[in-house]
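User: I've got a model open and I'd like to learn how to read it feature by feature. Can you walk me through it?

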Amino acid sequence: MNMKQIGGIGTMLIFSFFSLFGQVTDSAASEEVLFFQLKAYELEVVSVLSDSQQVNNLTLNPIASNTTSTMDEVLEKTPQVQLIKRGSFAYDPQINALGGGQITVSIDGMRIFGACTDKMDPSSSYIEPINLKKAEVSCHSNASMQGSNVGGSLNLRTRKAKFSTIAGELNGSLNSVSMGQDFSGGVNLGGKKLAIRMNGAIRNHDNYKAGGGEIIKYTQYQKQNLSINLRNRLGEKWILEGDYLYDEANDVGFAALPMDVAIARTHLASVTATGYSAISGIDKIQIKVYGNQVYHLMDDSKRPDEEVAMRMDMPGWSDTYGAFAKLNLGRIGKHKIQLKTDYYYNFRRAEMTMFDPNGGADMFMLTWPDVQRNVLGVAGVDNIELNDKNSLAFSGRVDWATTGIEDGFGKRQLTGLGYSGDEVYVHFPYSISVLWNRRIGSNYQVSWSTSSSSRLPTTSEMYGYYLFNKEDGYDYIGRPDIKTEKSLRTNLELKRKNRKVDWTVTAGYNRLFDFIYGVLDSNSSAMTIGGNGVKYFQNLSWAQIINSSFQLDYLPFKNWSISTRFNYNWGEKYDKSSLPQIQPLTNVSAVKFKRNKFFLLLESEAGSSQLLIDPEFGEDKTPSWAVLNVRAGYQIKVTKKSTLDIKTGILNLFDHYYYRHLDWGNVPRAGRNFYLNVGWKF
Ligand SMILES: [Cu+2]
């Protein structure tokens with residue numbers, strides 16, 4: 001063999017190594033790797049995918065490997081995600097300043113919708129980090145694979161049982177600021193053909209103290225979560241799996257709202273069949289059937305009489321049943337095509353009973369009048385490898401959606417607004433997009449995407465009936481004939497990857513048409529005692545949003561790493577007034593020292609003041625803030641296969657009193673918190 005041949009084989013080996021590595025990091029392909037993976041369980045770090053890249057930033061994600069951190073803490077560190085905080089738990093996620101019905105949030109591709117009219121239970125609140133494999137954020141071409149949206153998608157991928165592996169873990173945490181205790185554990189029992197994984201978590205937190213020591217009332221919460229994944233190999237090419245998840249939160253305080261949560265309960269179940277090269281020409285086929293039931297009970301029983309003008313009971317239900325089939329076709333020339341068809345049915349009902357303090361008749365209303373929605377969609381992506389430097393991805397989606405209401409009482413409510421209640425509304429939300437990737441030299445990559453899409457109006461935007469918004473003090477009423485919201489957006493990303501210095505710059509522009517917004521109606525009066533009046537959801541002619549971020553990871557010398565990330569969003573309506581709920585400039589920075597089994601980390605989080613506010617939405621100006629955190633950890637090898645991880649630290653070291661712009665009601669965040677986390681893996 002001459003040198004040229006050896007060189008050729010070497011190149012091939014390196015190439016296959018990288019293509020294998022590429023598979024591991026590619027979201028669509030990582031399950032294939034799991035299929036063949038026989039190695040012992042390794043710590044999985046929460047990571048984030050954009051279309052062209054996988055950010056796997058350990059320095060900025062120190063808590064990600066701490067499986068007792070909350071989902072809110074994990075999402076808070078996820079690039080392009082912002083969180084609206086109404087309580088001390090279950091923050092409501094935004095992607096590039098858009099949230100709610102504007103983005104698609106899913107769990108393993110399954111659609112799930114909260115049962116609270118006040119958004120106390122976003123879909124992400126049902127997942128525990130112990131059960132999380134990845135939080136996938138997509139803002140461009142892949143976004144429409146999960147559902148129609150105008151801002152992007154967040155898909156939470158759960159951990160699956162591994163074959164030929166027996167492993168487990170137990171974690172416990174104590175937090176001084178809320179006397180909080182968090183426990184989580186998991187066990188994986190995997191034979192050659194059958195594998196089961198079980199995870200559980202329990203959380204119990206009292207009211208926390210803000211900076212300065214003041215106890216903030218209604219910030220307590222309790223939560224428990226259990227999930228089971230069962231996988232069975234059928235022959236060489238198929239895996240059949242069953243999933244069940246139960247999550248229940250009780251006595252959750254919502255300091256920024258007039259009511260708390262007595263019960264937020266979810267059952268989620270699915271059956272999935274996945275075939276690997278089972279059919280010729282199809283690399284992977286996945287068929288999933290699922291169902292979930294969400295129950296939510298808001299109450300004010302913990303609030304003293306002087307804070308409550310009228311006692312209320314507000315239960316809500318949201319049931320979703322669906323199925324999807326996903327095909328990854330084999331490579332055809334330069335094309336790699338992925339196709340998906342999905343369907344779901346969602347039922348939502350919410351009630352409000354007001355008890356007259358003077359003993360008069362109770363008043364009953366359906367705030368969501370048995371709303372039923374059917375959505376059938378088809379989506380596809382064509383990835384085209386033009387040459388070794390350039391690639392293109394075209395994607396598209398179209399849905400056929402029907403929405404109507406069932407309940408006779410709800411129909412009577414609607415006749416008061418000028419509708420018969422029998423109408424069934426049909427929408428066709430769509431999405432088309434193109435993504436172009438170009439490698440420049442060996443270190444740089446530029447990606448550019450443009451898309452046009454629309455999204456369905458939400459249950460509240462169509463049928464919400466006197467939904468009280470604490471932020472502006474208005475009761476909101478939906479309009480069944482509201483139009484879909486449309487978006488025209490473009491994103492640019494420039495990335496440098498190198499052994500010592502990595503950085504990424506992103507910039508995006510999103511122009512929204514028929515933007516859905518609550519508009520004051522001076523002829524109607526508020527239902528809520530002390531309320532300011534009534535607003536109807538309406539389509540504004542347009543609004544626009546700019547988003548940008550910069551991230552740097554730097555390894556200055558051995559054992560040291562530095563990371564910093566800036567995020568800036570800006571938005572306005574057609575009349576030049578500011579959009580509400582726009583996070584101002586924020587920064588997270590960390591310096592980490594790691595040597596052998598020890599690490600020490602200094603972390604700062606900061607936000608600039610927000611003066612561009614929407615007073616119509618009840619916003620006020622927010623001052624700038626900054627906090628410093630210190631974290632340290634040590635790993636002890638107990639036996640050959642088991643380790644003990646001890647982590648400790650002080651968050652908000654200087655006990656700073658602060659709140660962020662997206663924190664409703666200017667409720668202060670937690671003050672200085674000493675935490676201790678012990679984790680045992682075996
Ligand atoms: Cu609620």
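Analyst: Sure, we'll go from confidence to strands, then to a helix and the cores. Keep in mind that this is a predicted model.

User: What is the mean pLDDT of the chain, and what share of its residues reach 70 or more?

Analyst: The general idea first: where pLDDT is low, the predicted coordinates should not be read in detail. Here the chain averages 87, with 90% of its residues at 70 or more. The weak stretch is residues 1–65, where pLDDT stays under 50. The model still has 92 contacts beyond four places in sequence for that stretch, but I'd leave their details alone. Among the elements, helix H2 (residues 30–36) has the lowest mean pLDDT, 28, while strand S21 (residues 425–427) has the highest, 98.

User: How many helices and strands does the chain have?

Analyst: There are 5 helices and 34 strands. Of the 682 residues, 45% count as buried. As for contacts with a separation of 6 or more, 64% come from residues 24 or more positions apart.

User: OK, strands then. How do I read a pairing, say S10 with S11?

Analyst: Strands of a sheet pair through backbone hydrogen bonds, either parallel or antiparallel. In this model, strand S10 (residues 166–175) and strand S11 (residues 180–190) run antiparallel and are joined by 10 bridges. To find the register, pick a pair: the bridge partner of Glu169 is Gly186 in S11. The two strands form a hairpin with 4 residues between them, and in that hairpin Met179 takes a positive phi near 50 degrees.

User: Which other strand is joined to S10?

Analyst: Strand S34 (residues 673–681) is joined to S10 by 7 bridges, and this pair runs antiparallel. For the register, look at Leu174, which stands opposite Leu676 in S34.

User: And where does the chain go after S11?

Analyst: S11 forms a hairpin with S12, with 3 residues between them. Their antiparallel pairing covers 10 bridges, and Val187 stands opposite Met198 in S12. S12 in turn pairs with strand S13 (residues 221–234), in the antiparallel sense over 12 bridges. There, Ala201 is opposite Asn225 in S13.

User: Which residues of S12 are on its covered face, and which on the uncovered one?

Analyst: In a regular strand the side chains alternate between the two faces of the sheet. Strand S12 (residues 194–205) has Ala195, Arg197, Asn199, Ala201, Arg203 and His205 on the covered face. Leu194, Ile196, Met198, Gly200, Ile202 and Asn204 make up the uncovered face.

User: What is the strand order in the open sheet of 4 strands?

Analyst: The order is S7-S6-S9-S8, with mixed pairing. Strand S7 (110–111) and strand S8 (132–138) are the edges, each pairing on one side only. S8 and strand S9 (residues 153–158) run antiparallel, joined by 6 bridges, and Ser138 has Ser153 in S9 as its bridge partner.

There's also an open sheet of 3 strands, in the order S3-S4-S5, with antiparallel pairing. Its edge strands are S3 (81–84) and S5 (98–99). S3 is joined to strand S4 (residues 92–95) by 4 bridges, with Val81 partnered by Ile95.

User: Now a helix. Which residues of H4 are buried, and which are exposed on the other side?

Analyst: An α-helix has 3.6 residues a turn, so residues three or four places apart point the same way. In helix H4 (residues 408–415), Gly410, Gln413 and Leu414 are buried. They lie on the same side of H4 because they cover an arc of only 100 degrees around the axis. Gly408, Arg412 and Thr415 are exposed on the other side. The cover over the buried residues includes strand S19 (363–385) and strand S20 (390–405).

User: Last one: which residues touch the most other members of the largest nonpolar core?

Analyst: In soluble globular proteins, nonpolar side chains tend to be buried together. The largest core here has 79 residues, and those touching the most other members are Leu75, Ile95, Ala135, Leu154, Val252, Phe254 and Val261. Strand S28 (residues 533–554) gives the largest share, 5 residues. A second, separate core has 5 residues, among them Met145, Ala379, Val381 and Leu435.

Note on methods
Residues are numbered from 1 along each chain as its sequence is written. This is a predicted model: local features need pLDDT of at least 70, side-chain atom pairs count only at pLDDT 80 or more; totals for chains, interfaces and linings use all residues. Two strands pair if DSSP finds at least two bridges between them. pLDDT is the predictor's confidence in each residue, from 0 to 100. Two residues are in contact if their C-beta atoms, placed from the backbone, lie within 7 Å. A nonpolar core is a set of buried Ala, Val, Leu, Ile, Met, Phe, Trp, Tyr and Cys residues joined through C-beta atoms within 7 Å. A residue is buried if 20 or more other C-beta atoms lie within 10 Å of its own, exposed if 12 or fewer, and partly exposed in between; C-beta atoms are placed from the backbone. The arc is that of the directions from the helix axis to the C-beta atoms.
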